[in-house]
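Reader: Hi! I'd like to talk through this structure with you. Could you pull it up so we can both look?

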Amino acid sequence: DFLCISLVNGYTQLRYNLGDRTVILQTLQKVHTNGNTWHLLNAGRVGNEGYLDLDGINVTQKASPGMNALDTHSDFFVGGVSSLNLVNPMAIENEPTGFTGCIREMVINNRELNLTVTDPKGGANIGDCDGTDCGYTMCKNNGTCQVVNSGFSCSCPKDWTGTKCEQSIHCSQNMCGSHALCIPQPSSFSYTCACALGWTGKYCDNKIKFYIAKFVGNSYIKYTDPFYGKRDLQYSRLSLNFTTNQTEGLIVWMGKSEDEDNDFLAIGLANGTLKVVINLGERISVPLMHRKYFTCSDGRWHFTTVVQNQTCVKVYLDEELILFEDIDPQRKYTALNYGGICYFGGFEIGRKVNIVTTGLFQKEFIGKIKDVVLFQDSKKIQLMKAEGYNIHDGNSGN
């Protein structure tokens, strides 16, 4: 499988192969090669339907029956490759050659790549294209950059300040402690402090310990599984206790959540009942909507376990089997490649659950979680030792 964007005889070309055939799209107009014209290129695919847009003029390859997942587990190359024999002969029209020119503002699956010296994994023969201290993103939040003798200076819009317009004026005099993030609240001309895991209080200056994590709606825990490299990903298991009085919420998302092709196993609430969704390579939703289980939002503790045996999924609620389904009898994808990442209660600050999960779950979790066990581990995972924000001590009152 591959996806490749190239220049061919002055035209921009997108080629991709999902395992069955190579699709080729080419722009209607040529690019300017005078060296001082910037072009905006949007290219990609939805399933096996491709699109290529150069400066607002779009060409689209309509979907036809066939494969619709891009299975590539290689590095992502920009402007050239480390070795020309890595290029699939079908990915380009002529002999492969490196790109000569400038590239900026590169966004992959809604995530901007920082084309800097330090962020990429590697590279060679790259120079500064702008030639001044005013790089194209030096000033944040629509600030204007001016070159001055000692470097650069930013003129900031009214709600922003700082040398790079990176700080909200509502946070310029904040009292949040060192274990906190300042979250501006423009509507009230103020701010709130988001506390890192293990800290609480208005300014996040009170240290806490907990075994039961309390989520308040703008909370999350991101746990990195230290044993991921040794797991048998065809036989996954996740169990935990939760309590809530809300009818909607994401309890756990086992997966990297970076783009739509990431594998995941998710547990949450929809309309007051348990909902499980699993993706082993092609997005397959397995919702549980048993009427007798509309009691998950009753403020009581509920114990749930999800077991994935290749494509067979079992879900237990309070030690009763409520779902047993083979989601793909063809056994096309059988492993849960979750990247060693588990999110609890939501995602990083600024990443909304309904957007990241593309509507599979509507809200962040409000409630408590405890006793999380991955696979057949003998010990519960220590939520205190993960990354997260706005987590409170849920031990009291249990």
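Reader: Thanks! What share of the 398 residues counts as buried?

Author: The buried share is 38% of the 398 residues. Please keep in mind that this is a predicted model.

Reader: Noted. What is the secondary structure made of?

Author: There are 28 strands and one helix. The C-alpha atoms fit a box of roughly 70 × 60 × 35 Å along the principal axes.

Reader: And how much of the contact count comes from residues 24 or more positions apart?

Author: Such pairs make up 56% of the contacts that have a separation of 6 or more.

Reader: Nice. Which residues touch the most other members of the largest nonpolar core?

Author: Those are Phe242, Ile251, Met254, Ile267, Leu274 and Phe344, in a core of 44 residues. Strand E17, residues 213-224, gives the most to this core, with four residues.

Reader: Let me zoom in on Ile251. What is Ile251 in contact with, leaving aside neighbours within four places in sequence?

Author: The partners include Leu240, Phe242, Ile267, Leu269, Tyr343, Phe344, Phe365 and Ile369. Two glycines, Gly268 and Gly345, are also among them. There is a second, separate core too, with 16 residues, including Ala194, Ala196, Val353 and Leu360.

Reader: Switching to the outside: which residues form a nonpolar patch on the surface?

Author: Leu7, Phe76, Val78, Phe99, Ile103 and Leu115 do, and together they have about 540 Å² of accessible area. Leu115 sits in the loop between strand E8 (111-113) and strand E9 (144-148).

Reader: Why does Leu115 count as partly exposed?

Author: Because its relative accessibility is 42%, and partly exposed covers values between 20% and 50%.

Reader: Got it. How many salt bridges does the structure hold?

Author: Nine. In one of them, the side chains of Lys121 and Asp75 meet at 2.9 Å, N to O. That pair links distant parts of the chain, 46 residues apart, with Lys121 in the loop between E8 and E9 and Asp75 in the loop between strand E6 (57-61) and strand E7 (106-108).

Reader: Is Lys121 buried or exposed?

Author: Lys121 is exposed, at 76% relative accessible area, while Asp75 is partly exposed at 43%.

Reader: What about Lys222, which residue does its side chain meet in a salt bridge?

Author: Glu348, with 3.6 Å from N to O. Lys222 is in strand E17 and Glu348 is in the loop between strand E26 (341-344) and helix H1 (353-356), so the bridge ties together parts 126 residues apart in sequence. Glu348 counts as buried, at 18% relative accessibility. Lys222, Glu348 and Arg351 are joined into one network by salt bridges that share partners.

Reader: Back to backbone geometry. What is the phi of Asn125?

Author: It is positive, about 60°, although Asn125 is not a glycine. Asn390 also has a positive phi, near 60°.

Reader: Where do Asn125 and Asn390 lie?

Author: Asn125 is in the loop between E8 and E9, and Asn390 lies in strand E28, residues 387-393. Asn125 is exposed at 82% relative accessibility, whereas Asn390 is buried at 10%.

Reader: One last thing: where does UniProt place the EGF-like domain feature?

Author: The unreviewed UniProt entry places it at residues 130-166 and 167-205. In the model, the span 167-205 is 41% strand and 0% helix, and its end C-alpha atoms lie 22 Å apart.

Key
Residues numbered from 1 in each chain as written. Predicted model: local features only at pLDDT ≥ 70, side-chain atom pairs only at ≥ 80, totals over all residues. Heavy atoms only, no water. UniProt positions renumbered as here; feature names shortened; annotations may be inferred. Helix = DSSP H or I, 4+ residues; strand = E, 2+ residues; numbered from the N terminus. Core = buried A, V, L, I, M, F, W, Y, C linked by side-chain atoms within 4.5 Å. Buried < 20%, exposed > 50% of the residue type's maximum accessible area, 1.4 Å probe, protein only. Contact = heavy atoms within 4.5 Å. Patch = residues over 30% accessible without salt bridge, like charges linked within 9 Å, V, L, I, M, F, W, Y side chains within 5 Å. Areas by Shrake-Rupley, 256 points an atom, 1.4 Å probe, with all protein chains shown as cover. Salt bridge = Lys/Arg side-chain N within 4 Å of Asp/Glu carboxyl O.
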